[in-house]
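Biologist: Please take a close look at whatever empty space this protein may enclose, and then follow the contacts outward from there. I would like to know how each term is being used as you go.

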Amino acid sequence: MITVEEFRSEVRQWLADNLVGDYAGLKGLGGPGREHEAFEERLAWNRHLAAAGLTCLGWPVEHGGRGLSVAHRVAFYEEYAQADAPDKVNHLGEELVGPTLIDFGTAAQQQRFLPAIRNVTELWCQGYSEPGAGSDLANVSTSAVLDGEHWIINGQKVWTSLAHWAQWCFVLARSEKGSKRHAGLAYLLVPLDQPGIEIRPIVQLTGDSEFNEVFFTDARTDADLVVGEPGDGWRVAMGTLMYERGVSTLGQQIRYARELSGLVELAKNTGAIDDPLIRERLTRAWAGLQTMRSFALATMDDELPGQDNVSKLLWANWHRDLGELAFDIKGRTGLVLVDNEFDEWQRLFLFSRADTIYGGSNEIQRNVIAERVLGLPREARG
């Protein structure tokens, strides 16, 4: 196997050779809060990556991946972020549903879906959250009834990222009537291009729409497109969530470091750097970023109870606070739009308000750590 440093050098050179021409204009585009930026062009870039063998790096070779180690994947994401390469559009397929199908799917499901995920010819979205089941995912009420050769699905999902660009959705639904909480759920693979599905974009504070409501009205999917056994969907869904906060977080932290560096320059340019409180907050932000990186590196090869929850608390609160710091550094100019557009710091402030909510709120993360890791009494349920 290629060494980590050899692979790092290969990735760095490939990015230098390929982030040129039309692709050079994509640098820095995309990502949370900015998914609307050059979506079709970033899709073409993601397919270019796939053609070069730079997607699905950790997938087993027999499933079309390269079978590379965690250290290799960390090197890729670090180099990718350092090059300011555009955010990929296939994260949900490559990093979530793909590994789920490798671990839990049937051979037929793997043969049907993995090549299209690897080649970025089919995009995916995640059908978990509902109006009454956000961070408390076990409260899902969307139903799935097996009727001959099809599952019939009724209900509503919300905050469904990129559903308006996706062809497929992995849906957690209640397949056993009368079941409650974690029991009686099914993990279904559902095509979105059908009459029984309506997708309504949700307008964010930034004016963009990367989240959606998805309504299922007698929507259908084939009977064999349930991952795992019917009724065992919770276990599969939790398996998917385990992949969500993986090695890509190291690349995320490099983007955060770039934001912090830009904020320091902004503070120098505005004179805010002369305020001792601003300097202290910038220093704390730097220390927090080092803490995140140290924690990520220390736990990358382990599966410690609660490590994903701790990681989410670290980056979500850090990034929200950075948005607030950006707004304080800009001062009154932060209240003014130029050409009716948000600048990067206004957008950072507005979107980062959601960091401590999506992907599991602060309260849920702390409850999980308290109850499942520290063994404290469960919170009283209403």
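Modeller: A cavity here is a set of points, on a 1 Å grid over the protein atoms alone, where a 1.4 Å probe fits but cannot get out, and a lining residue has an atom within 4 Å of such a point. Grid points are joined across faces, edges and corners, and the volume is the space filled by probe spheres set on the points. The model is a predicted one, in which local features need pLDDT of at least 70 and side-chain atom pairs count only at pLDDT 80 or more, whereas totals for chains, interfaces and linings use all residues. Residues are numbered from 1 along each chain as its sequence is written, and side-chain values use heavy atoms, with hydrogens and water left out.

On that footing, the count comes to one cavity of 30 Å³ or more, and the largest cavity holds about 50 Å³ of space. Its lining is made up of F39, V89, N90, H91, L92, G93, L123, W124, L162, W165 and A166. Sorted by class, eight of these lining residues are nonpolar, three are polar and none is charged, where nonpolar covers Ala, Val, Leu, Ile, Met, Phe, Trp, Tyr, Cys and Pro, charged covers Asp, Glu, Lys and Arg, and polar takes the others, Gly among them. The element that gives the most to the lining is helix α4, residues 91-104, with three residues; helices (H or I, at least four residues) and strands (E, at least two) are DSSP runs numbered from the N terminus.

Ahead of α4, the loop that joins it to α3 (70-82) contains D84, which has a positive phi of about 60° although it is not a glycine. Because its relative accessibility is 26%, D84 counts as partly exposed, a class that lies between buried (under 20% relative accessible area) and exposed (over 50%), with a 1.4 Å probe and protein chains only.

From the lining, W124 leads on to the aromatic contacts. Rings of Phe, Tyr and Trp (its six-membered ring) pair if their centres lie within 6.5 Å, with planes under 30 degrees apart counted as stacked, over 60 as edge-to-face and the rest as tilted. The whole structure has 17 aromatic pairs by this search. One of them joins W124 and F170 in a tilted arrangement, with 6.5 Å from centre to centre and 40° between the planes. This pair links distant parts of the chain, since W124 belongs to strand β1 (residues 124-127) and F170 to strand β4 (residues 168-174), 46 residues apart. Both W124 and F170 are buried. Ring pairs also draw W124 into a cluster together with F113, Y128, W168, F170 and Y187.

For the setting of this region, the protein as a whole has eleven helices and eight strands, and 49% of its 382 residues count as buried. Its C-alpha atoms fill a box of roughly 70 × 50 × 45 Å along the principal axes.

Elsewhere, N340 offers a companion to the loop residue described above: the phi of N340 is near 60°, a positive value in a residue other than glycine. N340 sits in the loop between α9 (307-330) and α10, and its relative accessibility is 66%, so N340 counts as exposed. Helix α10 itself, residues 344-352, contains F349, which counts as buried because its relative accessibility is 19%.

Methods:
1 Å grid on protein atoms, 1.4 Å probe; cavity = no way out; pocket = protein on both sides within 12 Å on 5 of 7 lines; lining within 4 Å.
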